[in-house]
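Subject: A structure to look through

Dear colleague,

I am handing over the structure that we talked about, and below it you will find notes on what was found. Please open the structure beside this email and look up each residue as you read.

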Amino acid sequence: MASVDVTGILQACQSPDAGQRQHGEAQLKELESDPLTFFISLSQHLATTSNPVDTRKLSGLVLKNALDSRDSAKKDEQASRWMGLPENVRLQTKESLLVALEAPEMDIGHTSALVIAKVAAIEIPKNQWPQLVPKVLTNADQGAPLNVRQSSIEVLGYLCEELAEFEEDYLDEEMVNKILTGVVTAMRPEEPSMDLRCVATKALTNALDYASGNFQRDQERNYIMETICHGTGAADAKVREAAWECLVRVVENYYEHLPAYIGAIFTLTQTAMGDPVEGVVMQALEFWSSIAEEEFMCLLDVEDGKEDKSYKFILNSLNQLVPLLLEQLTKQDEFADEGSWNIALAAGTALSLTATVAKDPIVGLVMPYVEQNIHRNATQDDWKFREAATFAFGCILDGPDCQALGGLARSGLNYLLSALSDGHPLVKNTTAWCLGRIFEFVHGHLKDPPLITPENLPVVIEALLKSLDDEIHIAEKVCYAISKLAAGFSDMSPSPLSQYFETIVGKLLATSTRVGEQFSNIQIQSFEAINEVVTASSPDALPIVAHLIPVVNQRIAEVSSTPPTSQESSEQQIETLNLLCGVLNVIITKMYNCSSEDQQLISSQVADSIMQALLTVFSCRQSYVPEEAMLAVGALTYITGGAFQRYMESFYPFLEKGLRQVRDWQTCLITLGILGDVCRALDKQFSVYCDPIMTILIQNLEDPEVPKSVKPSILSSFGDISIAIGDDFVKYLKAVAAPLGAAAAMSVEMARTVGDDEDEIAYINSLRQHILEAWSGILNALSKEMIDEHLKMFAPMIIEYVEHIAHDPHKDLSVLNRATGALGDVAANVSEIGIIFKQKAYVKPFLEECMAQPGLDEKANWALTMVRAAEQ
């Protein structure tokens with residue numbers, strides 16, 4: 001197979017001239033249309049030492065991207081393309097990659113290792129390329145040249161990382177042992193090359209998923225842990241950081257084996273806290289964050305009645321650990337971008353997670369630090385201590401009993417409000433965040449005594465609204481604080497916040513228009529705060545809530561009428577319109593929830609104005625359906641009921657577009673939900689839209705490219721449509737029964753082989769729930785005459801399907817709820833079905849078992865009554 005010289009193409013792709021670069025990229029894309037030439041040419045270019053290093057590296061990256069993608073569908077397509085190549089082409093490409101792996105230039109070896117791992121991830125699961133691992137292990141041997149050893153160990157690490165993504169183990173125990181031996185040998189303190197030790201440590205991190213057998217054996221586990229721990233004290237910071245990162249992975253995979261090592265690791269932590277390299281300190285902090293996360297999950301398991309598997313490392317080391325964490329809080333990066341990670345933030349995260357595990361005892365360890373430092377103002381640098389003290393208090397609010405914190409929060413509230421005007425922006429920023437945390441965890445109308453009183457509420461509101469004019473990153477935190485303040489007054493009527501409602505929302509609307517620096521979230525935070533204030537408002541504020549509707553509608557008109565001048569402004573316009581639609585959705589929902597049969601709080605004229613605004617948003621973008629606008633339409637259907645028919649001519653094209661938007665599965669799912677809302681609103685009036693809608697739904701079910709996450713909701717939409725149109729649904733019954741039967745058979749087969757895969761179990765239960773929802777909807781929609789004539793033949797299939805569910809240990813409560821309902825619906829609506837129930841011995845014991853389940857007792861009792869009546 002002939003190759004072509006790609007040097008010129010690759011050089012053009014790296015050209016600073018945009019025209020040349022675009023031409024090179026177009027040539028590269030054209031080359032990829034011929035996969036045989038593409039793979040051979042690029043792999044040979046990578047392996048040829050006389051070619052420029054920069055183009056060789058680029059050829060490797062292009063190959064890697066041609067073999068892998070974040071998009072699972074594209075990734076499968078790329079794998080199929082690779083395996084579809086002639087064997088000699090794949091062999092020639094792999095030989096070139098192995099040649100490049102031994103290149104003297106480390107960058108070329110590294111790039112080749114990445115590509116080799118991608119190829120191996122495709123071939124090894126298909127029992128191809130059995131020579132690879134033995135070849136790479138030989139290269140990794142101590143007798144090989146350093147560059148070859150380093151690149152080969154990288155391959156082993158990347159390979160383990162790739163294969164760990166699969167459910168099946170494709171590396172046998174003997175092979176794993178050889179890989180671990182080669183990798184750990186290169187990590188030893190005696191190894192003179194720090195680069196090799198670093199690469200090997202990273203490789204072990206990736207290989208740890210396969211080391212479960214080795215960790216069961218004391219001698220092997222001790223050797224591995226000793227080698228990792230030695231790495232934390234290496235002379236090279238890269239090795240130290242990689243070693244701590246490896247220990248983090250050990251926590252995630254082998255927490256139960258840590259008791260023998262935790263004391264030594266804590267000593268290493270004390271040393272690491274003084275490391276001059278930031279990355280080392282942050283990884284050591286991450287280790288303790290991971291410990292806290294594991295032990296918090298153990299606490300949750302205990303709450304669920306499971307065995308306590310916690311070794312309580314956090315509690316046992318609390319007196320020594322907390323001071324270490326507090327020391328790191330003053331290592332702020334004053335000039336870092338908002339949200340960038342640093343030692344102080346890593347320490348605060350560890351402290352927060354520690355608080356969730358330690359609970360009340362942490363308060364006595366942290367508060368002396370807070371009290372000692374929060375007022376410090378003697379020198380110019382004392383802002384660090386004020387910020388750290390404020391941060392420390394905010395970090396411990398989630399975990400300890402709120403009564404233990406309530407008095408502290410009440411006594412410190414006035415100081416924190418004044419600190420919103422501190423001379424240093426980081427202090428103000430952290431103070432606003434801390435106030436939000438206080439309002440989230442300590443504030444609430446059921447707290448006794450309350451944090452927020454009629455006396456201090458005006459002061460709180462004034463301070464927060466004033467700070468909305470501060471620097472944008474500070475204003476973002478203030479929005480968070482306002483959200484949590486409002487949420488604390490939920491279900492309180494009248495709400496103390498009502499008299500400030502208009503002022504607060506007006507200020508937040510003004511804040512949402514502020515022009516911020518790149519990546520600012522001020523607009524999102526402002527609208528989220530508005531939504532929370534509206535949601536938490538009490539009935540006496542509803543007239544003011546209603547006055548927001550024309551304001552939001554006007555904003556939608558203004559934003560949508562401004563043509564975007566760039567890609568960035570187009571994206572900004574989309575985001576703003578989505579946020580505004582989100583506010584409309586919240587307002588409509590609030591007004592609906594507070595309405596009654598005698599009093600609708602949104603008039604038909606106001607509903608018209610809302611729908612017009614939403615149609616404007618839909619019309620703004622032809623290529624997709626805005627999710628937030630669709631959700632707002634769903635809320636509006638509850639307000640308008642059958643009167644929604646007057647909008648259908650304008651809205652229907654967008655409903656259809658959303659249902660066809662299957663590649664954007666989230667939008668499609670939302671549209672399916674709105675389809676149900678429209679069906680419930682229109683009832684019989686929906687019949688005129690059924691033919692095209694049903695055609696789209698059936699096509700989506702039959703399309704193998706439609707994500708499987710969408711299909712269960714399509715099935716349940718059949719129930720929504722049938723309930724709306726009643727006996728008119730009979731014309732679709734055969735077309736619907738086939739996919740429902742196929743989905744049921746598929747879920748039964750999946751349940752037989754699922755094992756303990758939690759994601760797959762959740763999907764099976766979702767599928768079951770939607771299948772049963774569909775059948776129940778149809779059974780309750782059709783008249784008895786139509787059921788007996790057209791649906792009766794499917795009743796035994798439904799009963800048999802529930803039998804499979806009844807015997808499955810993985811069924812969840814939602815499925816049980818639908819299953820009992822389906823049995824009752826069959827018994828209540830299908831004539832002469834009693835004989836089938838008598839033949840199914842599982843039915844009565846199953847329903848009696850469901851009667852003992854909290855929340856299912858009434859439905860199960862009703863279903864059992866229906867079954868007994870049917871058997872008479």
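Where is Asp398 found? Asp398 lies in the loop between α21 and α22, the latter helix covering 402-419. Please keep in mind throughout that this is a predicted model, and that the values below are computed from it.

With a relative accessibility of 32%, Asp398 counts as partly exposed, because that class lies between buried, under 20%, and exposed, over 50%. Leaving aside residues up to four places away in sequence, Asp398 touches Ser352, Ala355, Thr356, Arg437 and Phe441. If you would like a sense of scale, compare Asp398 with Gly263: the two are 135 residues apart in sequence, and their C-alpha atoms are 27 Å apart in space.

The second largest pocket

The second largest pocket holds about 670 Å³ of space, and its lining is made up of 29 residues. Those that lie nearest the centre of this pocket are Glu338, Gly339, Leu345, Leu426 and Asn429. Four elements give two or more residues to the lining, namely α19 (343-358), α21 (383-395), α23 (425-441) and α25 (472-487). Which of them gives the largest share of the lining? That share comes from α23, with six residues. Sorted by character, the lining of the second largest pocket has nine nonpolar residues, eleven polar ones and nine charged ones.

A residue in α25

Helix α25 is also the place of Val478. Is Val478 buried or exposed? Its relative accessible area is 0%, so Val478 is buried. Not counting residues up to four places away in sequence, Val478 touches Ala432, Leu464, Ser467 and Leu468. Between Val478 and Ala744 there are 51 Å in space, taken from C-alpha to C-alpha, and the two are 266 residues apart in sequence.

Aromatic rings and charges

How many aromatic pairs does the count come to? The count is 21 aromatic pairs, and two of these deserve a slower look. In one of them, Tyr255 and Tyr311 have their ring centres 5.8 Å apart and their planes at 45 degrees, and the pair is tilted. Tyr255 belongs to the loop between α14 (237-254) and α15 (262-272), whereas Tyr311 belongs to the loop between α16 (278-303) and α17 (313-316), so the pair ties together parts that are 56 residues apart in sequence. Tyr255 counts as buried, at 6% relative accessibility, while Tyr311, at 38%, counts as partly exposed.

The other pair is formed by Phe391 and Trp433, and it is edge-to-face because the planes of the two rings stand at 70 degrees, with the centres 5.4 Å apart. Phe391 is in helix α21 and Trp433 in helix α23, and this pair links distant parts of the chain, 42 residues apart. Phe391 has a relative accessibility of 9% and therefore counts as buried.

Further along, Phe618, Phe644, Tyr647, Phe651 and Phe654 form one aromatic cluster. There are also charges that sit over rings: the charged end of Arg376 is over the ring of Phe385, at 3.6 Å from its centre, and Lys708 lies over the face of Tyr763, 4.4 Å from the ring centre.

Backbone details

Before you look at the next residues, it helps to know that most residues other than glycine have a negative phi, and that most peptide bonds are trans. Against that background, Lys312 has a positive phi, near 55 degrees, although it is a residue other than glycine. Lys312 is found in the loop between α16 and α17, and with a relative accessible area of 33% it is partly exposed.

Asp683, which is not a glycine either, has a positive phi of about 55 degrees. The place of Asp683 is the loop between α33 (665-682) and α34 (690-702), and its relative accessible area of 39% makes it partly exposed.

Lastly, what kind of peptide bond joins Ser493 and Pro494? The bond is cis, with omega at about -5 degrees, and Pro494 lies in the loop between α25 and α26 (501-512).

With best wishes

Note on methods. Residues numbered from 1 in each chain as written. Predicted model: local features only at pLDDT ≥ 70, side-chain atom pairs only at ≥ 80, totals over all residues. Heavy atoms only, no water. 1 Å grid on protein atoms, 1.4 Å probe; cavity = no way out; pocket = protein on both sides within 12 Å on 5 of 7 lines; lining within 4 Å. Points joined across faces, edges and corners; volume = space filled by probe spheres on them. Nonpolar A, V, L, I, M, F, W, Y, C, P; charged D, E, K, R; others polar. Buried < 20%, exposed > 50% of the residue type's maximum accessible area, 1.4 Å probe, protein only. Contact = heavy atoms within 4.5 Å. Phe/Tyr/Trp six-rings, centres within 6.5 Å; stacked < 30°, edge-to-face > 60°. Lys NZ or Arg CZ within 6 Å of the ring centre and 35° of its normal.
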